[in-house]
Amino acid sequence: SCAILALATVFVGHAEAQIVRREVTDGMYGQLAYGMATAVYQVPMMFLVAICGLVPLYAVAAWPWESLPTVWLVFGTFLVAFEMAAQLFSLDGKVLFGLLNFQNLWFTSFIFSGIFVTREDVIWPLRIFTYILPFGWGTRSFFWALFHDWGVDGSGGFSGTAPCDPSLPGCFSDAVRGSPGTGFFCPGLPAVECWGDVGPRILDSIGSVYRILTSENTLAADLGYLVAIAAAFKALYLLRLASLLRLRAVPRRPPAALPPLDGPQRQTLLTVNDVVAPPSPLLAAAGRGLRFAFSDCSFAIQVRPAGGGSCARKSETRYLLRDVSASVSSGEVLAV
């Protein structure tokens, strides 16, 4: 499935997230604005990827082009759901963990899609995966949109079948066309390989083995589930991004009373002493100007404790400057 290619989104999104966290912290834009902006280009891009994958497939497999718009709608929405999931995992602390977590989500969605085991046969609480993951909803409507109207109007159907009397052995009843007295069989093929001559019959025949497929129209419900899943992943992404931003070490003013230093506690003060205004340009040109001096200066910020993880609530004081004293005269450069 093309959805697994969203691994690239995890990799690129992880690098982008570092930039976004810094820019949101700096006040360049808000996280909600960023989330809406990404959705604006993510959705059209996924539909572009979908049509780029479907057109060659239709051309090579000779699928009926009239089904392309509906198949495109289902497949594009399916890719959007996985794209939002990939964006969520791009916020993992390590990009490798994000890649593995998304790959695990894809395989879990595939296993619990209903292709191998029906939803009713999955025990709780594992059955929840059959509802909250997109693979099953997308697969059912994808094949329904592709097959549901092939040959129903009597204008076509699949070659390789022939009419027969359904009362005879090896003849399958076909009431799809409204003629219950007719049937079909596949000359030269065993019965297990004979699925039918029209789309709905094929869906029901294959559905007897893979029960996720059916001739019943569930398009609206499946699209609703896919949109809801995509929106849920997007909301989780914004919530997790907000959580990471709250835990980010943002420089702020030191507290009124700093914790004790190595010796007696001293105030964090910035003083200018020995400031002498040059009495004349001549003296300034001679190098006798201002002298800027400071002593016992400290500056501290609040940061998350090392090894505390993203769930750490308490912060600790970290000193960027501690008991620094220096002076600089006019015409000199001082770096701290």
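Here is a short chat between two people about the predicted model above.

Colleague: Before we start, what kind of model is this, and how are residues numbered?
Modeller: This is a predicted model, where local features need pLDDT of at least 70, side-chain atom pairs count only at pLDDT 80 or more, and totals for chains, interfaces and linings use all residues. Side-chain values use heavy atoms, leaving out hydrogens and water, and residues are numbered from 1 along each chain as its sequence is written.

Colleague: How many helices and strands does the chain have?
Modeller: Helices (H or I, at least four residues) and strands (E, at least two) are DSSP runs, numbered from the N terminus. Read along the sequence, the pattern goes α-α-α-α-α-α-β-β-β-α-α-α-β-β. That gives nine helices and five strands.

Colleague: What share of the residues counts as buried?
Modeller: Buried means under 20% relative accessible area, exposed means over 50%, and partly exposed is in between, with a 1.4 Å probe and protein chains only. The chain has 336 residues, and the buried share of them is 36%.

Colleague: Which element gives the most residues to the largest nonpolar core?
Modeller: A nonpolar core is a set of buried Ala, Val, Leu, Ile, Met, Phe, Trp, Tyr and Cys residues joined through side-chain atoms within 4.5 Å. The largest one holds 53 residues, and Phe78 and Phe102 touch the most other members. Two or more residues come from each of α1 (7-25), α2 (31-61), α3, α4, α6 (135-147) and α8 (219-246). The one that gives the most, with 14 residues, is α3.

Colleague: Are α3 and α8 roughly parallel or roughly antiparallel?
Modeller: Axes are lines fitted to C-alpha atoms, for helices over the stretch in contact, and angles run from 0 to 180 degrees between N-to-C directions. Here the angle is about 20°, with the axes 8 Å apart. Angles under 35 degrees count as roughly parallel, over 145 as roughly antiparallel, 65 to 115 as roughly perpendicular and the rest as oblique. So α3 and α8 are roughly parallel.

Colleague: Which residues of α1 make the contact with α8?
Modeller: These two helices pack at an angle of about 65°, with their axes 10 Å apart. Contact means heavy atoms within 4.5 Å. On the α8 side we find Leu241, Leu244 and Leu245, and on the α1 side Val20, Arg21, Val24 and Thr25.

Colleague: Which side chain makes a polar contact with the side chain of Asp92?
Modeller: Asp92 sits in the loop between α3 (68-89) and α4 (95-111), and Asp92 is buried, with a relative accessible area of 7%. A polar contact is a pair of N or O atoms within 3.5 Å; within protein, one must be able to donate a hydrogen and the other to accept it, and residues adjacent in sequence count only if both atoms are side-chain atoms. At 2.7 Å, the partner of Asp92 is Arg240.

Colleague: Where is the cis peptide bond that involves Pro125?
Modeller: Pro125 is in the loop between α4 and α5 (128-132). With omega near 5°, the cis bond runs from Trp124 to Pro125.

Colleague: What is phi of Asp296 near?
Modeller: Asp296 belongs to strand β4 (residues 291-303), and Asp296 counts as partly exposed, at 31% relative accessibility. Its phi is positive, in a residue other than glycine, and is near 50°.
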